[in-house]
Amino acid sequence: MLLKVSCNAAVAAYAGDQIQAQCRVLGQSPTRLNFPRRRRAVVFSSPVAKAPLVQAVVSEGRASRVESGSGGLADRLRLGSLAEDGLSYKEKFIVRCYEVGINKTATVETIANLLQEVGCNHAQSVGYSTDGFATTTTMRKLHLIWVTARMHIEIYKYPAWSDVVEIETWCQAEGRIGTRRDWILKDCATGQVIGRATSKWVMMNQDTRRFQKVSDDVRAEHLVFGPRELRLAFPEDNNRSLKKISKLEDPAQHSRLGLVPRRADLDMNQHVNNVAYIGWVLESLPQEIIDTHELQAITLDYRRECQHDDVVDSLTSLEPIKESGAVSELRGINGSATATANNQECLNFLHLLRLSRDGLEINRGRTEWRKKPAL
């Protein structure tokens, strides 16, 4: 089905001429248009919202950018947009009262939920489906979904109630079997980097629940909206996001047994959402640590799905700190932050989530905690 529309004014101004293009509903081969001055544009019309969302990939030589037309009400009210080159997405969020904890600052679950939200909004902004987490046309035809394989989050300063946070995200290929998504979090008032995160995702067949290799068709659909050169939130050598998580062996020092998923923990992929695991990991942490320290980094390896009728045990043990205090400061398009680790005040823990009935490993984690700042 072909839909005749006018490209938005920004694209027209960039091309230097008012144009009309044949646009197709997302899922078919895009129409390629030739412009004067060697500029080219590929225009997409997406059926995501009632009012079509128009995407134009405009290129000149090796440079390119994606520009959006107006979509539905949510698109117009959302405080987010694609970067000028179309290869990343930024969105601002106000920290709400129900997203903070006893310290009146955002919880780590809030941070993780915002990362997931901005990632999904990025996917929608380039025309991906709303019936799954960033599923492409080919993925929907083959009943494929993305599932989290690894998540690493570092928080240098927690935003408080009513603070405004800007999150930038982008996605890239990760080997032959997956993809990666990175984030940089900034305090809008100061421009300070207050956190970074990175994740790895693999494809699963929604019917068989088996992992599947990322095909060339799916990879091509994703790569068109990602940076042309490798861009990392954590570009440092031997950074904490790369560290292997040792398995926690029994007997664990601390445990919380018999955790049961709530209905609200299930997501649109019909399993427990990855953010719920963070809460389960923290459930077995000693209360005295929660009282005196705050989480500065968390790494989770997701090894098995958890369904609504599973019962989960959470185990935690202290891990001796092996690395010395370090300061990293980087500039440019990669992650940029200054973070200091003090061995005398930081504590590291190993975590394990397992099924109560048979002991099968669900999730392996590592957390780092720093002393809470003096009030």
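**Exercise 1. Determine whether E368 is buried or exposed in this predicted model, and describe its surroundings.**

*Solution.* Step 1: the relative accessibility of E368 is 4%. Step 2: the cut-off for a buried residue is under 20%, so E368 counts as buried. Step 3: locate E368 in the secondary structure; the residue belongs to strand β20, which covers residues 361–371. Step 4: examine its partners. The side chain of E368 makes a polar contact of 2.5 Å with the side chain of R240. In addition, the C-alpha atom of E368 lies 4.5 Å from that of N348, although 20 residues along the chain separate the two.

**Exercise 2. Classify D310 as buried or exposed, and identify the residues that its side chain reaches through polar atoms.**

*Solution.* Step 1: D310 is placed in the loop that runs between β15 (293–302) and β16 (312–319). Step 2: its relative accessibility is 6%, and D310 therefore counts as buried. Step 3: the side chain of D310 comes to 2.7 Å from the backbone nitrogen of Q307. A polar contact of 2.8 Å also links the side chain of D310 to that of R357. Step 4: with residues up to four places away in sequence set aside, D310 touches L259, V260, P261, E305, L355 and R357.

**Exercise 3. Compare the expected span of helix α3 with the distance between its end C-alpha atoms.**

*Solution.* Step 1: helix α3 comprises the 18 residues 108–125. Step 2: a rise of 1.5 Å a residue is applied to one less than the number of residues, which gives an expected span of 26 Å for α3. Step 3: the end C-alpha atoms of α3 are 26 Å apart, in agreement with the expectation. Step 4: consider exposure; 15 of the 18 residues of α3 are buried, and the helix is thus mostly covered. Step 5: inspect what follows the helix. Just after α3, G127 adopts a positive phi of about 100°.

**Exercise 4. State where the largest nonpolar core lies relative to the two domains, and explain why.**

*Solution.* Step 1: the largest nonpolar core contains 56 residues, and V108, L115, W146, I153, I167, Y277 and W280 have the most contacts inside it. Step 2: both domain 1 (74–233) and domain 2 (244–320 + 344–374) contribute residues to this core, so the core lies between them. Step 3: take V108 as a case. Apart from neighbours within four places in sequence, V108 contacts I155, Y158, I278, L282, L295 and I298. Step 4: distinguish this core from a second, separate one of six residues, among them W170, I184, V193 and F234.

Methods:
Residues are numbered from 1 along each chain as its sequence is written. This is a predicted model: local features need pLDDT of at least 70, side-chain atom pairs count only at pLDDT 80 or more; totals for chains, interfaces and linings use all residues. Side-chain values use heavy atoms; hydrogens and water are left out. A nonpolar core is a set of buried Ala, Val, Leu, Ile, Met, Phe, Trp, Tyr and Cys residues joined through side-chain atoms within 4.5 Å. Buried means under 20% relative accessible area, exposed over 50%, partly exposed in between (1.4 Å probe, protein chains only). Domain bounds come from an automatic or database domain assignment. Contact means heavy atoms within 4.5 Å. Helices (H or I, at least four residues) and strands (E, at least two) are DSSP runs, numbered from the N terminus. A polar contact is a pair of N or O atoms within 3.5 Å; within protein, one must be able to donate a hydrogen and the other to accept it, and residues adjacent in sequence count only if both atoms are side-chain atoms.
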